[in-house]
Amino acid sequence: MTFAKKIAALGWPNSRFDGPAIIGHRGACHHATENSLDGFVLASKLGADMWELDVRLTADGTCVVSHDDDLSRVFGVSAKLSELTIAQLEALEGVHVPTFDEVITLAILLEAGLYIEIKADGAGPAALALLQQSGFTYAALGSFDPTHVAQLAALDCPYPLSVLVRIGDDPFEQAANARADAIHPCWERASDRPDQLLTPDLMQRAKDTQLPIILWHEERPDVIKAVMAMDVFGVCTDRPELLVPYPGSPSRPTPLPKGPEVVCHRGANKLAPENTLPAALMTFEQGFDWLELDIRQSLDGDLFVIHDETLDRTTNGRGPVASHSAEQLRALDAGSWFDPRFTGTKIPTFEEIIDLAKAHQKNLYVEIKQADPAKVLDLIKAKDFMAHCFFWSFNRALSDEVRRLAPDARIMARTLDFPTISEAITSVGAEIIEVNMAEEQVEKKATNIHTSGAKLMLCYNGSDRTVMERMLALAPDLVNLDQLNLWKEVWYQAQRRHAKETVAP
C-alpha cells in the first residue's frame, strides 16, 4: 500500500496551514528541551502539525522518547537509559524522559501527529504495538537503519514508513530495500542550500515511484521559502513558527493577502525574555512589523529597554533601574528568570534595539516609561529612524514633550485615556488610536476611528480565539499582541474561510 493510501485509510488531517506539513523536530527544540512534553506542547502552539520524536527501550523494555541513549548531553547525567529500568530512569534527579505512552496521550489531547524515528533494536515493534493499542492513527515511523523499517514492513505496519537518508546515500535504493513508503533526506548539513540537491530529476523519480518526500530540519528562511514551494509532504524544523504563514514572513514562497500589522508586545515574549535582543530578533525573524518596547534611563543617563521600574522581576538585580549606572545595568542577567537557556542575556540599550530593527528593516513602538524625551528623540534622529517609530507614554507630559520636540513624530493615544475619539486625536496630534478589547463599545469606537482617518490599533494580551476573531472583523490597521502564533492561526483560518466563500457557487 502506498503512502497516500495509508494516510487515507488512517484518516490523516490536512496540514493546519495547507502546503507541506510542519513537523516540529524533537518538539520545538530551539525553544525547549528536546523530546520533552513541554517541547511537544510548545510545538503545537507554534503551528506544528506533527511532532518528530525518537524512541528507544529501557533495560526492562519500556518504550521511551529520547534521541540519545547516553543521558549526559541533554541532562548532564552519566548514564545510559538502555542500561536502566524504567523505575531507575524515573528516579534520576533532574531527568524526565517521557514514555511513549505519555506522548501518545498528549498527542491525542492536542490532536497532533507523531513522526517517530526508531533509534534502537526492538523500539519499532514496541512503538507500533503501543500505537495500535491506543487506537492512534495520526502517526508515521522511520529510521536511518533500513532494517528497522523492513522489520515493520514485515509486520504489515498500517502506518506510513520512511527511510531517513544520509548525505551520499541513494534514497530510492534504501526505500526499496526497506519496503518504505516515503523518503526523508537528512541533508541539512550538505550545503548552504540543500534544497538545490532536490533536483528536478529526483523530484520526478519520487513522483513516479509514489514515494513522498519529507525533509530535514530547516530553520534558514531562504531555504524554507524554497522547500515550502516544492512538492514535498512535510518539512521538519526546530522552529515551527518560521513555517507558519503571515504577511511579511520571510520564509513563505508566495505573497499572502495583506493582514493587520502586528505589534509584538515586549517582543516575542512567550519564546524569549521580554524586552531583550532575543525577543526582538524572534519578532523580526517571523516577519512581524513592529516591536513594542519600554525605555528607562540609567543613573548616568543612558537609555535602556526594560519594562518595570525595578530590576527585581526580570533580572538578577534589585532596586530601581534609575538608581543604577549603565555599567551596573549591563552587568546584570536579564534572561535566566525566563529560562536557563537565556542565562547571560543582557538588558539591551535602546541603541542596540534600533540597530537590530534597522538591520531587519522593521519598526519600533516606543513607550517612554522614565526617560528624557529629548535623549530618546536625539538617538532616533541620529540613527535616521524617525520614520520607523511611533510613541506613547502613560505619562501624558512625556507624550506632550515628544510632540513639542518633534512635530513629525507619530504618536499613539488610547481611548481609555480620553472621553471621545476626537479628543484622543487632538490631544497630541495622535495618528494611531488604540482600543483595548476589554473596553466597552469596542465596535463603535473602531468605526469612529476608521471614520476619523486615524489608524486603529486593537490591543489584546490574552489567548481567547473568539476575541481575536472579533478583532479581525473590525479591520484594524494594527494589532498589539502577546499571543503571536495564535493570531497567525486565527488570521490564516479566516483567509481560508474567505477563499472558500469566494469560490462557492
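This report looks at the first helix and the salt bridges of a predicted model.

In helix H1, which spans residues 3–10, the buried residues are Phe3, Lys6, Ile7 and Leu10. Seen down the axis of H1, these buried residues fall within an arc of 90°, so they line one face of the helix. Ala4, Lys5, Ala8 and Ala9 lie on the other side of H1 and are exposed. The cover over the buried residues of H1 includes strand S6 (161–165), strand S7 (182–185) and strand S8 (214–217). After H1 comes Gly11, which has a positive phi, near 75°.

Side chains of opposite charge can pair when their charged atoms come close. The structure holds 27 salt bridges, and the table lists some of them, including the N to O distance for each pair.

| Acidic residue | Basic residue | N to O distance |
|---|---|---|
| Glu489 | Arg16 | 2.5 Å |
| Glu34 | Arg73 | 2.7 Å |
| Glu439 | Lys445 | 2.6 Å |

The salt bridge between Glu489 and Arg16 links distant parts of the chain, with Glu489 in helix H19 (residues 484–503) and Arg16 in the loop between H1 and strand S1 (21–25), 473 residues apart. Glu489 is buried, at a relative accessible area of 13%, whereas Arg16 is partly exposed, at 22%.

The salt bridge between Glu34 and Arg73 also links distant parts of the chain, since Glu34 sits in the loop between S1 and helix H2 (37–45) and Arg73 in helix H3 (residues 72–75), 39 residues apart. Glu34 is buried, with a relative accessible area of 15%, and salt bridges that share partners join Arg26, Glu34, Asp68 and Arg73 into one network. Glu439, the partner of Lys445, counts as buried at 12% relative accessibility.

Terms used: Residues numbered from 1 in each chain as written. Predicted model: local features only at pLDDT ≥ 70, side-chain atom pairs only at ≥ 80, totals over all residues. Heavy atoms only, no water. Buried < 20%, exposed > 50% of the residue type's maximum accessible area, 1.4 Å probe, protein only. Helix = DSSP H or I, 4+ residues; strand = E, 2+ residues; numbered from the N terminus. Arc of directions from axis to C-beta. Contact = heavy atoms within 4.5 Å. Salt bridge = Lys/Arg side-chain N within 4 Å of Asp/Glu carboxyl O.
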